[in-house]
Amino acid sequence: MNSAANEFRKDFKIFSAPENKDLVYLDSAATTQRPDCVIEAVSDFYRTSNANPLRGLYSLSIKATDLYENSRKTVADFINAPDSSCLIFTRNTTESLNLVAYSYGMNSVNEGDEIVVSCMEHHSNILPWQMVCRAKKAKLVWLESSDDGVISKEEYEGKINSRTKIVAIAQVSNVFGITNPVSDIAAFAHRVGDNGKGAVVVVDGAQSSPHMKIDVQQLGADFFAMSGHKLCAPMGIGALYGRKDLLDAMPPFLSGGEMIEYVTRESATYAELPHKFEAGTVNAGDAVGFARAVKYLDEVGLENIERNDNNLAKIIMDGFSNIPHVHVIGNSDSAKHCGIVTFTIDGVHPHDIASILDTEHVAIRAGHHCAQPLMQKLGVGSTARASAYFYNTQDEAVRFVEKVSKIRGWMGFKD
Ligand code: PLP
């Protein structure tokens, strides 16, 4: 894919809407734009196939059920889950991680156990584990990275041990953009954790699943969490993959309709996987959109997406290297950024960077990126972050760099 003449951009009508004609959207790590085919798939569901799935005995409900379950199979295949019953639809990565913490963590972690997280986790992969540690008198252990975002072998081999019950780690950091060595960490945790039984490895795939081919089996993920909206699917639909034996043994997270087999006044038996974890009316329309989105990404080609993201990060980072006072956070190798370039400008607050760029029709993120422990480690309150995706062009990356180069001048700095 040549991003100079980006053939996929036309699939995203938002960019040709008159009000967005000169918009440079560089906030895809927060949420991606949606191609027409996804918007169509969702509206087609409501136009032609809508009924409450999994309940009705009439044809329309059966059709909605089939569409929902086929979507599950498509998303499960996208990450090479061994069995689609191990793929639970959730609202997003945050809900997926909470499901694991409440249902697995609260029932398996005991006093004195350890849960290992990394210094670069999103709050969604910190707070649920803090909660488990507090409730169970367990210890939260932090994997540290170097300033360029690398978690070394010595670091994880020194922190994961027989007391480790759970390792919860992002495959790609939403601040550094770096890809953590998750399969090596998982292999080690499975060997030495939980008194030789193997620690359970929970992978936050929110930032990796949009950018690279995921194979949960090869990765060694016992759980893998993802959000649809970060990979061109609607907001409000996400997924959790879990190892079947673990999911089978776990109690439900939420309870009520749809997740039961039989209910009496006193008790209930639960439905089989995956429905045990999908209480209430499901989000079938967005599940259909999720499936269409991952098919679309396969059509674009994940290798192409990865190559294009790296190319755009290189243009941005090469450009930044020529601008005094601009500092990129993390690795100096643009191929290790997954299209994410987090940066600061001396003397300019990140919120001012984002607001000034907004007046120039450039959309980037500024703030702590829901990674305050990492901001504390880096000694910054907040940073600016540009995040590119395959619908961005080289021209946009160049224009972005040009505008960043002028910010200090616009603010009255003389150099
Ligand atoms: N984990 C990471 C690494 C993220 O970047 C994000 C969102 O930015 C999340 C988790 C939370 O995703 P969501 O808000 O879709 O639940």
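The structure holds 0 disulfides. It is a predicted model, and the statements below describe that model.

**Cysteines**

A disulfide requires a pair of cysteine sulfur atoms within 2.5 Å. For Cys 119, the closest cysteine sulfur belongs to Cys 370 and lies 16 Å away, which is too far for a bond. Cys 119 is also buried, with a relative accessible area of 4%. Cys 86 likewise counts as buried because its relative accessibility is 1%, and the cut-off for that class is under 20%.

**The ligand and its surroundings**

The ligand sits in the largest pocket. Around the ligand are Asn 92, Thr 93, Thr 94, His 122, Ser 124, Asn 174, Asp 204, Ala 206, Gln 207, Ser 227, His 229 and Lys 230. By class, this shell comprises 9 polar residues, 2 charged residues and 1 nonpolar residue.

Three residues of the shell, Thr 94, His 229 and Lys 230, appear in the table with the distance from a side-chain N or O atom to an oxygen atom of the ligand.

| Residue | Distance to a ligand oxygen atom |
|---|---|
| Thr 94 | 2.5 Å |
| His 229 | 2.7 Å |
| Lys 230 | 2.6 Å |

On its own, the ligand has 400 Å² of accessible area, and the protein covers 88% of that area.

In summary, the ligand occupies the largest pocket, where the surrounding shell includes 9 polar residues. Among the residues of that shell, Lys 230 places a side-chain N or O atom 2.6 Å from an oxygen atom of the ligand.

How values were computed: Residues numbered from 1 in each chain as written. Predicted model: local features only at pLDDT ≥ 70, side-chain atom pairs only at ≥ 80, totals over all residues. Heavy atoms only, no water. Near = heavy atom within 4 Å. Polar contact = N/O pair within 3.5 Å; in protein donor to acceptor, adjacent residues only side chain to side chain. Areas by Shrake-Rupley, 256 points an atom, 1.4 Å probe, with all protein chains shown as cover. 1 Å grid on protein atoms, 1.4 Å probe; cavity = no way out; pocket = protein on both sides within 12 Å on 5 of 7 lines; lining within 4 Å. Sits in = over half its atoms within 2 Å of the grid points. Nonpolar A, V, L, I, M, F, W, Y, C, P; charged D, E, K, R; others polar. Buried < 20%, exposed > 50% of the residue type's maximum accessible area, 1.4 Å probe, protein only.
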